[in-house]
Amino acid sequence: MKRDLLSINDLTEKDIALILQKTKILKKMRKSNRKLNQLQDKTLALIFFKPSTRTRISFEVAMYELGGNVTYLSGDEIQISRGEPCADTAKVLSRYVHGIVIRTFSHSEVLELAQNSTIPVINGLTDLEHPCQILADLFTIYERHKKLDGLKIAFIGDGNNVANSWLLAAPKVNANFVLACPRGYEPDSGIVSSAIKEAKRKGVHIEVINDPKLAAKSADVIYTDVWISMGQEKDAKAKKSQFNRFQVNKNLLALAKPECMIMHCLPAHRGEEITADVIDGKNSVVWEQAENRLHVEKTILSLLLK
């Protein structure tokens, strides 16, 4: 693996396979209460400019269970918020800690931090990508199906950071990926072009469409996310009116395969992007998906900070 994890594109197919296999082992070890000290005396800095439940707690617990330490820094607690360049922060933290997880708005900030750091930097979410989430998603699907190649993943909703990372990940694992979103809410055009090009090379199908029913047809996985991402609250009313027919509900689920997995990266707004009966129903794997953030991130830390 590369030193940093800033994008799904930082990972090769072999890297993803390694992460899945190692995660399987680490998850089993945790269930049997086996102790790990792989990162003893190592310290991880968490820099968060956005609120978090799963990302913060899963990384903190992962680091502690690997024998390491964590220091948490909210955006308003560090000097970046008062004008210090990311580059200067990176140079200082490189002398204090052994790795950085950053959760912020601008992807360029993460790139700048990594370029000026001598320690691993992990993208805990930006407006462009959410690679750690997608790795947990891949593991969740792999646990259930024992494979990823040939499956149809249908993403219903906004072409956001999660969708961008899914577009990059699907061809790497030989999965088919269809994203259905309203016109004007498509994912990053450069990422779409890159994903389609890679999919053609791998012999799988990548498509961005505006019909949720067509996307859901015969799907192995239906995935959704909130319609209003952090920082977009002012657009909520207008956006919701355009997303009404993109709700994941029992009628949409009926178009998929009977054993179709329902996934949501959380937090969920029941009654908006997904109905309560679906997210809490028998097809839902959202809680396993959330748990697997811990196991996957434990793997990422053990590989990058060793």
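Start with enclosed space: this predicted model holds one cavity of 30 Å³ or more, and about 30 Å³ of space lies in the largest cavity. To see its walls, select Arg 54, Gln 133, His 264, Cys 265, Leu 266, Val 286, Gln 289, Ala 290 and Arg 293, which line the largest cavity. Now colour helix α12, residues 286-304, and you will find that this helix gives the largest share of that lining, four residues. If you then colour the lining of the largest cavity by class, four residues appear as nonpolar, three as polar and two as charged.

Next, turn to the second largest pocket, whose volume is about 170 Å³. Select Glu 13, Ile 16, Ala 17, Leu 20, Gln 21, Tyr 142, Lys 147, Leu 148, Asp 149, Lys 172 and Val 173 to display the residues that line this pocket. Helix α1, residues 13-31, supplies the largest share here, with five residues, while by class the lining of the second largest pocket divides into six nonpolar, one polar and four charged residues.

From there, move to the largest nonpolar core, which has 61 residues, and select Leu 135, Leu 138, Ile 141, Trp 166, Phe 177 and Leu 301, the members that touch the most other members. Apart from this core lies another one, of 22 residues, and you can pick out Val 178, Val 248, Ala 256 and Ile 279 among them.

Finally, centre the view on Ile 141: leaving aside residues up to four places away in sequence, Ile 141 touches Lys 146, Lys 147, Leu 148, Leu 151, Ile 153, Trp 166, Val 221, Met 261 and Met 263. Two of these neighbours, Lys 147 and Leu 148, also belong to the lining of the second largest pocket.

Key: Residues numbered from 1 in each chain as written. Predicted model: local features only at pLDDT ≥ 70, side-chain atom pairs only at ≥ 80, totals over all residues. Heavy atoms only, no water. 1 Å grid on protein atoms, 1.4 Å probe; cavity = no way out; pocket = protein on both sides within 12 Å on 5 of 7 lines; lining within 4 Å. Points joined across faces, edges and corners; volume = space filled by probe spheres on them. Helix = DSSP H or I, 4+ residues; strand = E, 2+ residues; numbered from the N terminus. Nonpolar A, V, L, I, M, F, W, Y, C, P; charged D, E, K, R; others polar. Core = buried A, V, L, I, M, F, W, Y, C linked by side-chain atoms within 4.5 Å. Buried < 20%, exposed > 50% of the residue type's maximum accessible area, 1.4 Å probe, protein only. Contact = heavy atoms within 4.5 Å.
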